[in-house]
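Welcome, and thanks for opening the viewer. Let's take a short walk, one selection at a time.

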Amino acid sequence: MPRPDTLPAWQQLFAHREVVGAGRTPSPHRTPGEPGWLRVSAGPLQADLSRHRIDVRGLELLCELAEQAGVQTRVQRMLRGDIVNPSEGRAALHSALRAPGGSADRPPLLLDGRDLRADIDAGIAAQARIAGEVRHGIWRLASGAPVRRIVNLGIGGSDLGPALALDALATQADGPACVCVSDLDPRALAAALAQCDPASTLFIICSKTFGTLETLANAAHARDWLRGAGLPETQLHRHFIAVTAAPERAAAWGVPTEQCLAFGEWVGGRYSLWSAVSLVLQIACGPQVLHSLHRGAHLIDMHFADAEPTTNLPLLMGLLGVWYRNVLGAQTQAVLPYAWPLRQLPAYLQQLEMESLGKRVDLDGQPVAWDTGGVIFGAAGSHAQHAFMQLLHQGTLLLPADIITFDESAALEPALNANALAQAQVLHTGGHVDAAPGAHGNLPGGQPVSLISSARLDAESLGALLACYEHKVFTQACVWHINPFDQWGVELGKQVARRLAG
Ligand code: F6P
């Protein structure tokens with residue numbers, strides 16, 4: 001696969017920069033909805049991409065860039081299980097976990113000569129069995145009590161996905177109360193345990209490697225807490241389920257094999273919500289909610305694989321990201337969900353985008369000569385407006401924003417979507433604040449905005465949204481010729497900390 005700076009479209013895009021002007025210059029104002037401007041549908045999502053600092057020719061060049069970078073070929077390679085994570089020698093098959101139907105309905109999925117379909121089906125069945133037993137009071141704890149509370153112990157990808165989904169879909173929860181704890185500081189676990197009764201609390205130890213300091217420290221504290229409550233030592237294991245790609249380590253820690261849900265090394269940590277890492281969500285909300293989450297993501301997988309570039313939402317999101325990052329020099333990107341249940345989305349996307357795209361060598365290990373991932377930040381829109389939106393409106397940074405809304409919010413609080421639209425409009429067109437003195441009231445506009453919406457905030461739209469961002473990241477990684485599935489940069493700090501701790 002080629003380096004981007006060798007591609008004709010890459011050079012042409014830089015030449016095309018003059019059309020819009022770099023940096024924080026006033027926008028070439030356009031009317032949203034003007035013919036030629038993009039409104040794209042993808043599964044349950046609609047996107048209004050009319051407020052971008054790019055013209056039709058620029059978009060054509062971006063689509064040519066995708067073509068020249070071989071994005072579609074790499075998508076196919078990822079989906080069929082090729083080694084797309086060469087520095088770890090792994091495939092990235094999280095999409096296969098959300099494909100519908102039993103193995104008989106799907107084409108073979110070969111990895112090292114082994115068909116993974118049966119393994120995937122068996123994993124899904126084991127997860128459903130355990131979730132059903134816990135939800136329906138069949139699972140008994142050390143004292144014989146059923147489960148009333150669950151604490152998911154994990155960090156990074158073993159926490160952010162479940163925590164986001166539990167929050168986002170909280171109105172659909174009808175199982176035991178669930179909470180996620182990730183921080184190494186024991187006060188985080190202590191705060192959660194203050195709400196729990198040891199006799200009726202189950203812990204899910206969620207860790208792909210089963211070697212992560214934070215999670216194992218919290219698991220040890222949890223076991224001490226249970227012991228301190230005088231529960232019978234021989235039955236303590238009934239309070240722990242493990243979700244991991246290293247089941248032998250979970251067994252060595254003390255989780256019996258039949259209480260361990262294993263998943264493959266071919267599921268990256270930040271993509272692992274699609275694996276048994278979703279157990280806590282399935283227990284809280286039931287099998288249908290998980291099924292809908294998968295359906296939404298699968299709709300986007302098909303859309304990403306099949307839609308034409310000009311109507312392919314994740315592809316366009318990725319290409320626009322390249323345009324702003326590389327050609328116009330943007331360093332940051334804001335994510336603003338106008339939905340309080342999605343307030344953890346920015347944190348989720350920080351791991352997804354920054355761990356995937358924060359790379360300085362290409363797929364061949366050669367230093368990159370172009371910018372790669374930038375900084376993702378954000379908050380629920382209402383909060384953002386009263387905290388950091390000033391910088392987007394009047395600061396000097398070019399700062400693209402994704403504004404996310406749901407039609408159903410209009411019935412909850414009409415001002416919610418009105419505010420979202422107002423922000424999109426003002427970021428785009430700028431204007432002058434009534435009563436503000438002179439230039440202090442000038443807003444230049446010209447900030448790029450994607451307005452992404454769905455009818456409802458439900459499991460299907462959440463699944464679609466997350467898959468959309470995953471494929472956006474994959475698109476950028478393809479263009480930048482980097483590996484979005486490894487994260488070597490986080491390891492040195494762990495090694496040094498181990499040495500310092502003695
Ligand atoms: O340190 C970063 C990281 O490896 C992430 O990639 C991962 O999601 C997180 O730690 C947790 O890892 P594990 O699931 O193996 O505990």
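How many Å separate an oxygen atom of the ligand from an N or O atom in the side chain of S158? Select the ligand and S158 together: the distance is 2.6 Å. Keep in mind as you go that this is a predicted model.

Next, add S207, where a polar side-chain atom lies 2.6 Å from an oxygen atom of the ligand. Then pick T212, whose side chain places an N or O atom 2.5 Å from a ligand oxygen. Switch on the surface here: taken alone, the ligand exposes 390 Å², and the protein buries 88% of that.

Now widen the selection to the whole shell. You should find 13 residues surrounding the ligand, with G157, S158, S207, T209 and T212 the closest. Colour the shell by class and you will see two nonpolar, eight polar and three charged residues. Colour by domain instead, and the shell draws at least three residues from domain 1 (4-21 + 42-91 + 290-433 + 442-489) and at least three from domain 2 (94-285). If you display pockets, look for the ligand in the largest one.

Our last stop is the cavities. Searching the whole structure turns up two cavities of 30 Å³ or more. Centre the view on the largest cavity, which holds about 170 Å³ of space. Its lining comprises 17 residues; to find the middle, select G321, R325, Q333, G374 and Q476, which lie nearest the centre.

How values were computed. Residues numbered from 1 in each chain as written. Predicted model: local features only at pLDDT ≥ 70, side-chain atom pairs only at ≥ 80, totals over all residues. Heavy atoms only, no water. Near = heavy atom within 4 Å. Polar contact = N/O pair within 3.5 Å; in protein donor to acceptor, adjacent residues only side chain to side chain. Areas by Shrake-Rupley, 256 points an atom, 1.4 Å probe, with all protein chains shown as cover. 1 Å grid on protein atoms, 1.4 Å probe; cavity = no way out; pocket = protein on both sides within 12 Å on 5 of 7 lines; lining within 4 Å. Sits in = over half its atoms within 2 Å of the grid points. Nonpolar A, V, L, I, M, F, W, Y, C, P; charged D, E, K, R; others polar. Domains from an automatic or database assignment. Points joined across faces, edges and corners; volume = space filled by probe spheres on them.
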